[in-house]
Amino acid sequence: MKLVILLALFGVSLAQHNPHTKQGRTAIVHLFEWRWADIAAECERFLAPNGFGGVQISPPNEHIIINNPWKPWWQRYQPIGYNLCSRSGNEDELRDMITRCNNVGVNIYVDAVINHMCGSGGGVGSHSSCGSWFNANNKDFPTVPFSQSDFNDHKCRTGSGNIENYGDANQVRDCRLVSLLDLALEKDYVRGKVADFMNKLIDMGVAGFRVDAVKHMWPGDLSAIYGSLHNLNTKWFSGGSKPFIVQEVIDLGGEAISSREYFNLGRVTEFKYGAKLGTIFRKWDGEKLSYTKSWGEGWGFMPNGNALVFVDNHDNQRGHGAGGAAIVTFWDPKLHKMAVSYMLAHPYGVTRVMSSFRWNRNIVNGKDQNDWMGPPSHGDGSTKPVPINADQTCGDGWVCEHRWRQIKNMVIFRNVVNGQPHSNWWDNQSNQVAFGRGNRGFIVFNNDDWSLEVTLNTGMPGGTYCDVISGQKEGSRCTGKQINVGGDGRAHFKISNRDEDPYVAIHADSKL
């Protein structure tokens, strides 16, 4: 009997590693701080037609409101309750967005903040994004309701009540993360409230969750919560499907808590991936692109089946979270396009692309003084819509990296080569590399300070292919470079280091 129960639990946890993307779709995009109405429109007009598998949305539940004109992005990570009204929109708009995205085959993954409520000093007698009253000083959150006994302060053994030593696993999980009120998730009542919140979203049609601040929660508590989650809505997902779980665990090594403690519960964010890839593309610390022949588990990353990977995220593109200055972001567009394309071409992990907004950077002694700034907003603090320009880029402060031709086309590349092995590696022992994905795709990078000219075995069938970086296939012609592959699978590549994008990619569907 014990074996049957163990096997059942093992099956549940493996199911939670599956993002349930529709057939032929693989990549997720994080539309950070977008309004629900804009995400719904984006699913229909851009994400579905270009093969995106899903969207990670910002936390949808009620949160604190900071009274300053730019409303910091991090107020979304300070919950007041589980009512579904945030600065992205109300519950009806959220439901409409989930429905419309599902109807065109684009999944929705919710950023779930369940470790804590708002900061202990946050808003005495204030009102949340839903207009509801709360008192953080008294730990009084009436819309849930949570009160003093639902928090962990009695378990924390530090003088300040905050985490003071990340080498102490008990502190990390039982004390306050930067003064945020730490929920007592060992209590059945608290677990039940969290599960009710997540189940409501599952019933509305979401495909899963990115769970915030996971190393600050005990694996046993999370196991109990995940174990009480509903199966996905059968209107859009096959019967018995478990929600996809990706857990934010910042683990660069050397701390008391390891990402592997959470592998059995769902996928985990592999923060080493973006930190190392940024170092490689920046050519820092003697790193070279040629060293990535063994990229993935060969670099000490977590097992492929447990990893969610990304070049940057909403935290570390602002200089905190993990990875420091090595992280490549939209502020370095040339390197960012190359690094994201490398990630999308490589078979390791489930991939997530970042889609950002600009803010007024103010770097003093290496630190951005404006890293708190919220999304493009009107004078009343409400988030601006995302306008689409004639050239398909975004305006009004929205960056929309996912719409950049090079990244969008590499999302398609990943779909075309899905399931094919990493193959036909070539390098110049420096920063020029090439690799294929079976006989379905091939990519060549030149990140050296000199030109590349070489004839390589692509593994591809003979014919003329459109490079999907400098352009793409439109009808019977290429809008960018053409690559001629001979009957022997070999092709000649010439890439100047001065090219706007010094790399080339071809795939089966870009063949003329």
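Two strands pair if DSSP finds at least two bridges between them. Strands (E, at least two residues) and helices (H or I, at least four) are DSSP runs, numbered from the N terminus. The exercises below work on a predicted model, where local features need pLDDT of at least 70, side-chain atom pairs count only at pLDDT 80 or more, and totals for chains, interfaces and linings use all residues. Residues are numbered from 1 along each chain as its sequence is written, and side-chain values use heavy atoms, with hydrogens and water left out.

**Exercise 1. A hairpin and its turn**

Task: Find the bridge partner of S423 in β16, then describe Q429.

Solution:
- Step 1. Start with the strands: β15 and β16 pair in the antiparallel sense over 4 bridges.
- Step 2. Look across from S423, and you meet G436 of β16 as its bridge partner.
- Step 3. Now go to the turn. The hairpin has 4 residues between its strands, and Q429 takes a positive phi near 65° there. Q429 belongs to the loop between β15 (422-427) and β16 (432-437).
- Step 4. Check the surroundings. Buried means under 20% relative accessible area, exposed over 50%, and partly exposed in between (1.4 Å probe, protein chains only). Q429 has 65% relative accessibility, so this residue counts as exposed.
- Step 5. Compare with the record. An unreviewed UniProt entry lists residues 423-511 as "domain: Alpha-amylase C-terminal"; UniProt positions are given in the numbering used here, feature names are shortened, and annotations may be inferred rather than shown by experiment. In the model that span is 0% helix and 52% strand, with its end C-alpha atoms 19 Å apart.

**Exercise 2. Unusual backbone angles**

Task: Work out where K283 and P145 lie, and what is notable in the backbone at each.

Solution:
- Step 1. Recall the background: most residues other than glycine have a negative phi, and most peptide bonds are trans.
- Step 2. K283 is not a glycine, but its phi is positive, near 60°. You will find K283 in the loop between α7 (271-282) and β11 (307-309).
- Step 3. With 32% relative accessibility, K283 counts as partly exposed.
- Step 4. Turn to the peptide bond from V144 to P145, which is cis, with omega near -10°. P145 sits in the loop between β6 (133-135) and α4 (169-174).

**Exercise 3. Salt bridges**

Task: Which parts of the chain do the pairs D332–R282 and D501–K337 connect?

Solution:
- Step 1. Fix the criterion: a salt bridge is a side-chain nitrogen of Lys or Arg within 4 Å of a carboxyl oxygen of Asp or Glu. The whole structure holds 29 of them.
- Step 2. Take D332 and R282, whose closest N and O atoms are 2.9 Å apart in their salt bridge. D332 lies in the loop between β11 and α8 (333-345) and R282 in helix α7, so the pair ties together parts 50 residues apart in sequence.
- Step 3. Add accessibility: D332 is partly exposed at 28%, while R282 is buried at 18%.
- Step 4. Next, D501 and K337 form a salt bridge with closest N and O atoms 3.1 Å apart. The pair links distant parts of the chain, 164 residues apart: D501 is in the loop between β23 (490-495) and β24 (503-507), K337 in helix α8. Both residues are buried.
- Step 5. For practice, try R35 and D38, whose side chains meet in a salt bridge (2.9 Å, N to O). R35 is partly exposed at 25%, and D38 is buried at 8%.
- Step 6. Finish with a network of salt bridges that links D111, R210, D212 and E248.
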